[in-house]
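Subject: Structure for your review

Dear colleague,

Please find below the structure that I am handing over to you. A short account of its surface and of its charged side chains follows.

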Amino acid sequence: MSVIETATSYFERLIQSDEFYFQKGKDALKKWMDLYLSDEGQIELQNLLEDYTTFAEIKEGHQFFSIKEILFSIISYCDIHARGKAFYNQYDDKRVLAKAGVRMKPWVINTFNYKYHKDNVNITVKNALDMLATPENNINSIALSHRELISNHYLNHPYNSDTFVSELKEKFSNLDRTRNPENQTLLIAAHIYDQKKEWDKKQMDFKTFIANLKEYTEKNQLEYDFGNLNGNNIWIFDKEQYFNHKRAHYEVIIKKGSISVDLHFEDGHQNAEKLRTLLGELPTDTLEWKKWHFGNSVSHIKKFTLSDEDLVEKVVECLDELYDATSEKLIDVIKNMNSELTMNTVINHPLNQILYGPPGTGKTYNTINKAIQIANPDFVLSDHTRKQIKDEYKKLVDEGRIVFTTFHQSMSYEDFIEGIKPKIDEDENGNKKVIYEVESGIFKRIADKARKPRLKSENSVTPYTFDDAWSDLVQDANRHLEDGNPLVLTIQTPNLGLKIVDISDKGNLNLKPIYSEDSKIYTISYSRAEKLQQAFPDLSVIKNVNTEFREVIGGSNSTAYWSVLNYINNKIKEKSITEVKEETLPPLPHVLIIDEINRGNVSQIFGELITLIEEDKRIGNNEALEIILPYSKKEFGVPSNLYIIGTMNTADRSVEALDTALRRRFSFEEMPPKPELLNPSAMIENLLWEYKSYEWTDKEYLTEENKLFSVLGVSEDFKKEKEGIWEQMKEDKKNNIVRESGYFQRFDFERINFEKLLTIINNRIEKLIDKDHAIGHAYFIGKDNTTIRDSFYKNIIPLLQEYFFGDYGKIGLVLGKGFVKKKVTESSVFAAFDDYESEYSERESYEIIDYRKPDHHYKIGDTDMDFSKALLLLMNQPV
């Protein structure tokens with residue numbers, strides 16, 4: 001049985017229709033494309049469209065009212081969710097091209113761009129308008145995602161926009177049955193979508209769905225930004241990011257297979273409750289309150305699964321409804337909260353700070369955290385995984401707001417501030433020569449970037465309306481009448497015109513041709529002139545004045561109305577002023593990280609900066625100073641939004657201490673070893689909080705869980721009870737309950753007690769030298785009973801050898817006899833040399849036992865030693 005024989009009534013209507021099935025939409029689009037707007041009018045309208053709420057509410061009498069009606073009319077034939085479709089769509093069945101999933105603001109902006117900036121039109125809108133403009137060469141499958149699926153299924157190759165429609169017409173040539181050829185592609189689309197289950201078989205996991213959602217919002221220019229994917233959810237912000245990690249954000253989340261679109265409140269109880277109160281009663285037909293870990297959230301009542309058709313479009317529709325219903329109620333309060341938070345957060349960071357401590361204590365690791373907290377205070381570290389934190393760090397580095405460098409002995413002032421550098425210059429003939437130029441160094445480059453003003457440009461239009469122009473015309477006419485010299489208005493015929501001879505009590509104008517006093521008087525009414533001006537803000541587009549004016553106001557007197565309208569339009573054009581206003585935005589924080597700051601010759605590298613980096617000497621402060629740089633001869637000062645974070649290894653004896661003058665200009669934060677981070681319970685708790693938004697079955701979380709559990713050697717009992725303990729942890733946090741001991745302390749773990757091991761080693765080192773030469777916890781992170789051996793021989797023992805200058809007796813006091821043994825030597829190892837060797841022959845020598853070698857054969861008494869037994873002896877435990 002053929003497709004036509006089984007066609008629905010919709011198919012039949014397409015086949016039998018004499019006119020294009022969306023002719024009214026096509027006519028509306030043509031009216032828009034034929035309408036003339038001056039350059040000034042385009043700019044004014046474009047600015048108004050950016051303030052969509054104002055544009056949507058303009059009333060009859062506004063100069064752009066008729067344009068609003070045209071645009072809304074076009075859209076009403078394109079999208080099932082178009083605003084005012086019931087009014088603007090003139091078909092009884094309210095037929096539309098498609099369900100576009102585009103909000104009204106992008107619709108009107110992109111329909112404007114379709115006429116004036118065709119290269120800047122979102123793909124969905126472009127496909128819809130192309131369909132109305134030239135239906136024979138287009139098709140009403142307007143979503144790019146659908147076109148890609150259709151092309152793969154029916155055409156057996158990736159989507160090609162140039163050949164897509166022609167190939168489909170060839171593929172479905174049996175559907176070339178419509179009376180009007182412009183309806184053929186509509187019939188093809190109807191057939192394709194009737195078979196949608198055959199080609200829309202994409203099986204998605206949540207990660208793929210989110211990727212599609214991001215792609216859709218980008219291609220359709222929707223005003224949303226996305227946070228990082230957190231396993232089973234993703235946070236969504238507005239473009240200005242007033243809704244963000246700190247206060248409130250929108251979210252798409254999947255739980256037990258059900259996808260919901262929510263608004264979450266992230267702040268403490270007081271502010272979160274304030275935001276909930278502002279929302280008041282929710283529209284029960286779309287939204288509902290939803291219980292969440294730390295207080296109620298708002299959720300759209302519609303829920304979805306990954307197998308739903310048009311999932312992306314449906315989720316976007318719910319997100320739009322949720323955003324529209326909540327954002328305006330909350331935005332002002334959230335702006336104030338964010339402003340206060342940003343000020344407080346940035347102020348609390350010292351401008352110049354140094355993290356100091358022994359090796360392996362996480363100094364460089366923590367510079368990343370601190371730099372992000374300074375450069376982007378809205379990014380909450382505790383809400384993100386380490387991978388996401390590193391991604392944010394990379395983003396800020398790519399933006400030039402964080403710069404990382406390492407000091408070394410050959411670093412100089414010329415590298416750091418500015419210097420003369422050689423460059424190769426090649427002329428057009430290929431001849432090369434060396435030239436020397438002044439080049440900015442690391443510090444000066446980021447300082448110059450931090451100083452550069454941030455400007456926001458806005459077009460401000462001073463409105464001049466029809467009423468203003470009419471009022472000016474009346475006043476101008478009255479002045480001329482009082483002087484006995486009536487005001488003459490030009491008409492289309494050269495050297496002729498109409499003069500205003502009277503103004504009636506009702507405010508109407510009486511006009512008479514200038515060539516005869518006996519000529520007929522033409523009356524021009526305010527209301528009819530206003531209607532014409534709305535329809536024709538530019539008279540140059542009119543082809544037949546009589547016909548086109550009659551369509552708007554009926555009657556005649558077209559020449560007289562033309563002369564008045566010409567005066568008014570010229571006045572509006574003359575007195576409507578567009579100004580570009582530049583607003584100076586607050587400067588963004590910038591961060592310079594200097595690793596190993598004490599390894600360079602600090603006084604030589606910093607030079608005069610030793611003075612300029614002081615807080616009160618920075619630009620904008622009361623005691624601000626600027627100096628003339630020695631090479632460029634330019635003034636230079638350090639901006640107040642540039643932060644310096646240095647790191648210093650206290651155990652590095654190859655360098656001198658920091659210059660005293662520089663030392664007093666920095667605040668110092670000690671980074672000691674933290675054995676408590678090696679506690680199994682603490683490690684598990686940190687993992688659970690880091691991935692608190694993820695499902696237990698999420699692949700990313702499971703990778704990290706398996707890695708940690710393998711290192712710790714967790715028991716089966718632990719695995720059974722972990723979920724219940726996690727629920728208790730969340731409940732305790734909600735109620736501000738703090739436990740003295742860890743939640744997982746009662747479980748046994750197979751791993752050696754690294755916390756105790758590190759504490760013992762550092763206590764012994766502190767007794768023998770000082771705490772500046774301790775061993776950091778980083779050498780134990782991620783190690784198990786096997787991999788800790790490599791860390792001992794590659795990191796810990798070499799450090800001890802350096803600390804104690806090769807004194808193996810002291811190393812033995814730290815590690816014990818399981819690691820250090822006395823060498824057994826011949827009675828004399830020296831050459832015969834009278835009376836001198838006796839001084840050294842009694843000296844004891846020691847060696848490190850290397851348990852990595854299987855043939856070490858080391859025994860203590862009758863006990864065959866291995867690495868694990870040596871660790872037990874180190875901790876004074878029996879073997």
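Please bear in mind that this is a predicted model. I begin with one residue and move outward from there.

Tyr436 is located in strand β10. Its relative accessibility is 58%, and Tyr436 therefore counts as exposed, since the cut-off for that class is over 50%.

Tyr436 also belongs to a nonpolar patch on the surface, together with Ile420, Ile424, Val434 and Val438. The accessible area of these residues together is about 510 Å². Two elements give two or more residues each to this nonpolar patch, namely β9 (418-426) and β10 (432-440). Of the contributors, β10 gives the most, with three residues.

The strands of the patch also take part in a charged contact. Glu439 and Lys423 form a salt bridge, in which the closest N and O atoms are 3.3 Å apart. Because Glu439 lies in strand β10 and Lys423 in strand β9, this pair ties together parts that are 16 residues apart in sequence. Both partners fall in the intermediate class of accessibility: Glu439 is partly exposed at a relative accessible area of 31%, and Lys423 is partly exposed at 33%.

As general background, side chains of opposite charge can pair when their charged atoms come close. In this model, the count of salt bridges comes to 37. Two further examples may be useful to you.

The first example is the pair Lys395 and Glu399, whose side chains meet in a salt bridge with an N to O distance of 3.4 Å. Lys395 is partly exposed, with a relative accessibility of 37%, and Glu399 is likewise partly exposed, with a relative accessible area of 37%.

The second example is the pair Asp616 and Lys617, where the salt bridge has an N to O distance of 3.3 Å. How do these two partners stand, buried or exposed in part? Asp616 counts as partly exposed, at 33% relative accessibility. Lys617, by contrast, has a relative accessible area of 18% and is therefore buried, the cut-off being under 20%.

Finally, there is a network to note: Glu392, Lys395, Glu399 and Arg401 are joined into one by salt bridges that share partners. The pair Lys395 and Glu399 described above is thus found among its members.

Yours sincerely,

A colleague

Methods. Residues are numbered from 1 along each chain as its sequence is written. This is a predicted model: local features need pLDDT of at least 70, side-chain atom pairs count only at pLDDT 80 or more; totals for chains, interfaces and linings use all residues. Side-chain values use heavy atoms; hydrogens and water are left out. Patches are made of residues with over 30% relative accessible area and no salt bridge: like charges are joined within 9 Å, nonpolar side chains (Val, Leu, Ile, Met, Phe, Trp, Tyr) within 5 Å. Accessible areas come from the Shrake-Rupley method with a 1.4 Å probe; for residues, only the protein chains shown count as cover. A salt bridge is a side-chain nitrogen of Lys or Arg within 4 Å of a carboxyl oxygen of Asp or Glu. Helices (H or I, at least four residues) and strands (E, at least two) are DSSP runs, numbered from the N terminus. Buried means under 20% relative accessible area, exposed over 50%, partly exposed in between (1.4 Å probe, protein chains only).
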